[in-house]
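Q: I'm new to reading protein models. Could you walk me through a few features, one at a time?

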Amino acid sequence: METCAYCGQPLRLVAGFCAACHAPAGVAQRSRLIADSGAHAVPVKAGKPLAPVAPLSRPSPIGTRLLLAGGLLSLGLVFVLISMRLNANPIHIFISPPEGSLVVSQQPNGTATNSVVTGQPFTLRYAVTVEAAQADVSLTIIPAHGTARTLEEWWPHGDTQRVQTLVPLTPDLWQIVLRKDGRVVQAETIQIVNAPVP
């Protein structure tokens, strides 16, 4: 009876494989194929399985992580250099820049505050970035005890800044809203207080 050249069991092929060890028919019938070919090669000894192959050694996880970190760092550096070459800010690709700013200060070019004194002028600085050809920019002051006032202008493409000097006459709570094309860009609430008594 013919035996499997791989496992040495009686050869019974099922779907082209040895039923005992699942070796392909070409391997299981090797001794018969060699004999049929008339070659003088020595057939594989039946009953002796092939020696197991040693598993490949895995690379060090620390080395792999270092290589990955180096590759990511290199990609980031290339990205920044290309952005600088194209005069683009690489941060703006991931984080959109602010569309505008609104700063209230008691003194011109002073530090921002949310509290101003009655009878004393304060400065309102606001700026908007317009990406289109032009934009409808409006500044609205809404007193808690009074009538809202709106200043509306068409601003051209680019970064534009305006400075307004205002003098509050009575204590109140003002909400100041900066809009571009009807959408709120920035909003601030300021408290108007009486001057401290000396």
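Q: Which side chain meets Lys-180 in a salt bridge?

A: Here's the general idea: side chains of opposite charge can pair when their charged atoms come close. Keep in mind that this is a predicted model. In this case, the partner of Lys-180 is Glu-131, with 3.0 Å from N to O.

Q: Where do Lys-180 and Glu-131 sit along the chain?

A: This pair links distant parts of the chain, 49 residues apart. Lys-180 belongs to strand 7 (residues 172-180), while Glu-131 belongs to strand 5 (residues 122-143).

Q: Is Lys-180 buried or exposed?

A: For this one you need a cut-off: buried means under 20% relative accessible area, and exposed means over 50%. Lys-180 has 4%, so it counts as buried. Glu-131 has 53%, so that residue is exposed.

Q: How many salt bridges does the structure hold?

A: It holds 2. Besides the pair we just looked at, Arg-162 bridges to Glu-153, and their closest N and O atoms are 3.2 Å apart. Arg-162 is partly exposed at 28% relative accessibility, and Glu-153 is partly exposed too, at 27%.

Q: Okay, charges make sense now. Which residues make the nonpolar surface patch?

A: To read a patch, look for nonpolar side chains that sit together at the surface. Here, Leu-68, Leu-72 and Leu-75 make one of about 340 Å². Take Leu-68 as an example: you'll find it in helix 3 (residues 61-85), and it is exposed, with a relative accessible area of 56%.

Definitions and conventions: Residues numbered from 1 in each chain as written. Predicted model: local features only at pLDDT ≥ 70, side-chain atom pairs only at ≥ 80, totals over all residues. Heavy atoms only, no water. Patch = residues over 30% accessible without salt bridge, like charges linked within 9 Å, V, L, I, M, F, W, Y side chains within 5 Å. Areas by Shrake-Rupley, 256 points an atom, 1.4 Å probe, with all protein chains shown as cover. Salt bridge = Lys/Arg side-chain N within 4 Å of Asp/Glu carboxyl O. Helix = DSSP H or I, 4+ residues; strand = E, 2+ residues; numbered from the N terminus. Buried < 20%, exposed > 50% of the residue type's maximum accessible area, 1.4 Å probe, protein only.
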